[in-house]
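Hi there,

Here is the structure I promised to pass on to you. Have a look at it first, and then read on for what turned up when I went through it.

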Amino acid sequence: MLTERQKWLVLRRHTVLRSATLVDAQPYRLQWVERGTQPSTGGWRFNRDDGRNEILLNECLDELAEHHVRCAGLAVETYLHEVAHSIWSEADFRKLGKVLQEQSVPFLIHNLFEDARIEARWRREFGHRFGWLRWNGPPWDTEFLATLPPEAVFLGLITIENQRESLHRLLEVSEASGSECHARTLRILHFFKLATRKESPYVESTMAIVPLCRLWLDEFPRPPENGWRPRSGSIHGDDYRAAIEITDHNGEPQPWQEPKQLPDSLRHWDEKAKAALWRPDCNRDEFNPRIGARFEGLVAKALPGGIAKCKTLTAAKRLSLRDHVRGSERFYRVKRSLPEGMPRVALVVDCSGSMWHEPHLAGLTLLQIINHLHRSKKILGSVYLTYGTGSTRLPLPFDDDLLYSLDCDGPCEGIEACFEANRAELRQADLINVYTDGNILDTPFDRKKWRSQGIETYGLYVGQAAKVDVLKDWFDYALVRPSIEQLIIAWTRLLQRHRSVAGA
């Protein structure tokens, strides 16, 4: 949360601009809004009733940044971005909405191109870069470029602001990702140039860029509004939308409202949880439930209480030559049902913004598997969702349709806090899994402390192999694979090995 001095720095910058750049503009009203209020970062609109430009800034906008440095600087740059909207963006939102509807262009896509257009013009006319890289890195540094939506790559180009080193890095990654990925990246770069170059026919106004958005959708068709979404902490895509949402409310910031279709079983969630975890149909065209259905049986056999491979003294059809040569008396191998009964399995899922897209979809598959095994009474499952400013329990069993609307929009991880809040229940679990990228920016997870209390953890993640070293710092066992299918196979094999040792 921004301090009063940091807010004052924004106000001072505003005062300087009003006496210089904005001296001939319409009057401005600068207003701070509280956490849980829209906009989540910043927003602008022109209030025709009193002839004022209204800029709203959230006092907690710094909490959504990937890198928590120079919070006052982030607030100032967010403010300047909204000023750029006030100078060059269309003030008549209803007129704009009508044009977008006629061209079948989702507002989110148009906002992305409009942000690129106004920021490029700001750099040309004032010689000032926003420096977004200080707070949010480009997505191809942490995720596979080939799996990123084209809109996410376009947003990354806005973030790097034509910096030569970052642009060369993108081209290197695209070339290494294959010819098809490289060709797609070059096409995205072409659209970005058309949205930002001074000589482009699309950069004269907000309305002029609409045809370019239409060409983009013809080149990269996406489901309207239900597809891509800016990751947590990015003002691009949400700030202008927030202005439209408050147009019919006389400019007053609107409190967070409960999303539609929230299941009755989730009514206990507080406002923070609903804001970070619930967005109707956000995964509708991305999540594939057939993957989880294919692996449920494999996971069931690997969990405690299933069938384990054990070594025994009793003669059997199979034997282990290695153990026989070593002189072990237990060199016969048998499959045996272990007497643990119905196992208690806990799954803690990191729902912070860094888990967005592919890692998040893989986490939904794990949720689906745990939910189905609990419903079929093969396990006693418990699921905890963490989002930095809190954590909440997901009641089991739940309707599978819920997975299409679970979001990951938390400002940080909150895994240690989740374990503290649910200590008694976790100590009773036979198996505790934590699905996270290990990028813990808040309270570190104290593995030794929990191990001393009998809590053993499995860290799981779908992503780059280098993440395994990070997970090893936090959890007793760490598994990272490039796909959810490979992760489940590796996870079940590890569980079977551990149960085999226990059975021996």
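W88 has a relative accessibility of 13%, so this tryptophan counts as buried, the cut-off being 20%. Please keep in mind that the model is predicted.

There are 18 aromatic pairs in the structure. One of them joins W88 to W122 in an edge-to-face arrangement, with 6.2 Å from centre to centre and 75 degrees between the planes. This pair links distant parts of the chain: W88 sits in helix α2 (residues 71-88) and W122 in helix α4 (residues 107-126), 34 residues apart. W122 counts as buried too, because its relative accessibility is 3%.

Another pair worth opening in your viewer is F154 with W216. Their ring centres are 5.5 Å apart and their planes stand at 75 degrees, so this pair is edge-to-face. It also links distant parts of the chain, with F154 in helix α5 (residues 150-160), W216 in helix α8 (residues 210-219) and the two positions 62 residues apart. F154 has a relative accessible area of 0% and is therefore buried; W216, likewise at 0%, counts as buried. Both rings belong to a cluster that ring pairs build from F113, F154, F191, F192, W216 and F220.

Now for the chain as a whole. It has 504 residues, of which 54% count as buried. Its secondary structure comes to 18 helices and 12 strands. If you take the contacts between residues at least 6 apart in sequence, 74% of them join residues at least 24 apart. The exposed surface of the chain is about 23000 Å², and carbon and sulfur atoms supply 49% of that.

Next, the sheets. One of them is an open sheet of six strands with mixed pairing, in the order β9-β8-β7-β10-β11-β12. Its edge strands, β9 (391-394) and β12 (477-481), each pair on one side only. On average, neighbouring strands in this sheet are turned by 20 degrees against each other, direction ignored.

How enclosed is β7? Six of its seven residues are buried, so the rest of the structure largely encloses this strand. β7 pairs with β8 in the parallel sense over seven bridges, and R344 stands opposite L380 in β8. β7 also runs parallel to β10, with five bridges joining the two; here L347 stands opposite N433 in β10. Further along, strand β10 (residues 431-435) pairs with strand β11 (residues 457-462), again in the parallel sense, over four bridges. The bridge partner of V434 in β11 is G459.

Two helices on this sheet deserve a mention. Helix α13 (residues 358-375) lies across β7 (344-350), β8 (380-386), β10 and β11, and runs at about 155 degrees to β8. Helix α17 (residues 467-474) packs on the sheet as well, touching β11 and β12, and its direction makes about 160 degrees with that of β12. Together, β7, α13 and β8 make a right-handed β-α-β unit.

What does N371 touch, leaving aside its neighbours within four places in sequence? N371 is in contact with L396, P397, F398 and D400. This asparagine is placed in helix α13, and it counts as buried because its relative accessibility is 0%.

There is also an open sheet of three strands, in the order β1-β3-β2 and with mixed pairing. Its edge strands are β1 (28-33) and β2 (42-47), each pairing on one side only. Neighbouring strands here are turned by 20 degrees against each other on average, direction ignored. β1 pairs with strand β3 (residues 52-58) in the parallel sense over six bridges, and L30 has I55 as its bridge partner in β3. Helix α2 packs on this sheet, touching β1, β2 and β3, and its direction makes about 155 degrees with that of β3. That brings us back to the start, since α2 is the helix that holds W88.

Happy browsing, and best wishes!

Key. Residues numbered from 1 in each chain as written. Predicted model: local features only at pLDDT ≥ 70, side-chain atom pairs only at ≥ 80, totals over all residues. Heavy atoms only, no water. Phe/Tyr/Trp six-rings, centres within 6.5 Å; stacked < 30°, edge-to-face > 60°. Buried < 20%, exposed > 50% of the residue type's maximum accessible area, 1.4 Å probe, protein only. Contact = heavy atoms within 4.5 Å. Areas by Shrake-Rupley, 256 points an atom, 1.4 Å probe, with all protein chains shown as cover. Pairing = 2+ DSSP bridges. Axes fitted to C-alpha atoms, helices over the stretch in contact; angles between N-to-C directions. Right-handed = clockwise from strand over helix to strand, strands pointing away.
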